[in-house]
Amino acid sequence: MNGSFRVGNLFGIPFYLNASWFLVLALVTFSYGGGLASQFPELGVVLPWILGLVAALLLFSSVLAHELGHSFVAQSQGIEVKSITLFLFGGLASLGRESKTPGESFWVAIAGPLVSLGLFGLFTAIVQTVPLSAPMAAILGLLATINLILALFNLIPGLPLDGGNILKSLVWKVTGNPYKGTVFASRVGQVIGWLAIASGVLPLFFNAGFNFWNVLIGWFLLQNAGTSAQSAQIQEKLDRLTAGDAVTPDSPVVPADLSLREFANNYVIGRRNWRKYLVTDENQQLIGALSVDAMRQIPTSDWNDVQVSELMESVDVQTVESNQSLLEVVTLLESEQITELPVIGENGTVLGLLEKNSVIRLLQKNNDGQAKPA
């Protein structure tokens, strides 16, 4: 998330704060500190603001506990939790992948609200059973209420809220398609976003004021739900395609027994400006790579007498199978931060090179094809 910086680790999970978090921290501290000052004048001038800050930090600790609930369940399923970030609208646990089954997805989604409900019960029990000073009872009562609101708000059935992820898992269970679940829950999230915006704007027409927070929350839901739906639709398309479908035409693959002259004439001059070529043996197995720059080591007068195999270098590159899901391949490209991978067919033969750009072109081609009338 842009504008975030790392402040440490929590149970091995990188922990970030977004710049917007400090704004909310200041607003909560100011709002609740002022409330304590007016409600308990015996606290003096400074103490209410200190207690307001404590209340704000405890509030965000509750949000953090909510996100840790998601994270611990995800980790129990073998899912990497990349980070937890606190920001303007609460918290976000970034997971390395989706759950493998709708049941596992359900438990990851419900874990956060269950933690918040548990904290609501805990703080309520403390207030009702433990002798506390009035200011402390007020703070814990506030935390109980906030955790109840946090749980109920997140159970609203629209993405990106937890309720949306619960709805996604239920639709996934019924349809057997996780992408349909995501798209459906995203559309519900967009409807809820529009309703939130309307609830903030419509009172203006009745001279009842403008609810800024409802509009801001609605905008947040609209943006994120739309992104989720678009991402799910792209992922579904990628899952239906294979690595073989995205092999770049005229890939930089050459046989080892070519002379450098043949290589230059047939593969370099007048062709795409590849800087490195994959080299294959007589069985089309990958045995090395040849850099175009390496040809400078050999006088052009000797190019007829030197073969590609003599100038190539051995390679140890990751490859993908031609029948492998394109979604898996794109995930690999992103996680490894690479731009291309050799694609291997049956019996280990090299089919060509898969690039990020070739994946984009394939998706655009499919979209154009779907847009044409039958």
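This report describes a strand pair, a nonpolar core and a pocket in a predicted model.

## Strands 6 and 7

Strand 6, residues 276-280, and strand 7, residues 286-291, run antiparallel and are joined by five bridges. Within this pairing, Leu278 of the one strand lies opposite Ala289 in strand 7.

The two strands form a hairpin with five residues between them. In this hairpin Gln284 adopts a positive phi near 65°.

## The largest nonpolar core

The largest nonpolar core comprises 23 residues. Val254, Leu260, Phe263, Met295, Val308 and Leu311 have the most contacts inside it. At least two residues of this core come from each of strand 5 (253-255), helix 8 (260-268), strand 6, helix 9 (308-311) and strand 10 (350-355). In general, nonpolar side chains of soluble globular proteins tend to be buried together.

Met295 illustrates the contacts of one such core residue. When its neighbours within four places in sequence are set aside, Met295 is in contact with Leu260, Phe263, Ala264, Trp303 and Leu311.

## The second largest pocket

The second largest pocket has a volume of about 250 Å³. Its lining consists of 13 residues, of which Lys276, Leu278, Val317, Glu340 and Leu353 are the closest to the pocket centre. Strand 6 and strand 9 (340-344) are the elements that give two or more residues to this lining.

By residue class, the lining of the second largest pocket divides into 10 nonpolar, one polar and two charged residues. Strand 6 thus appears in each part of this description: it pairs with strand 7, supplies at least two residues of the largest nonpolar core and gives two or more residues to the pocket lining.

Definitions and conventions
Residues numbered from 1 in each chain as written. Predicted model: local features only at pLDDT ≥ 70, side-chain atom pairs only at ≥ 80, totals over all residues. Heavy atoms only, no water. Pairing = 2+ DSSP bridges. Helix = DSSP H or I, 4+ residues; strand = E, 2+ residues; numbered from the N terminus. Core = buried A, V, L, I, M, F, W, Y, C linked by side-chain atoms within 4.5 Å. Buried < 20%, exposed > 50% of the residue type's maximum accessible area, 1.4 Å probe, protein only. Contact = heavy atoms within 4.5 Å. 1 Å grid on protein atoms, 1.4 Å probe; cavity = no way out; pocket = protein on both sides within 12 Å on 5 of 7 lines; lining within 4 Å. Points joined across faces, edges and corners; volume = space filled by probe spheres on them. Nonpolar A, V, L, I, M, F, W, Y, C, P; charged D, E, K, R; others polar.
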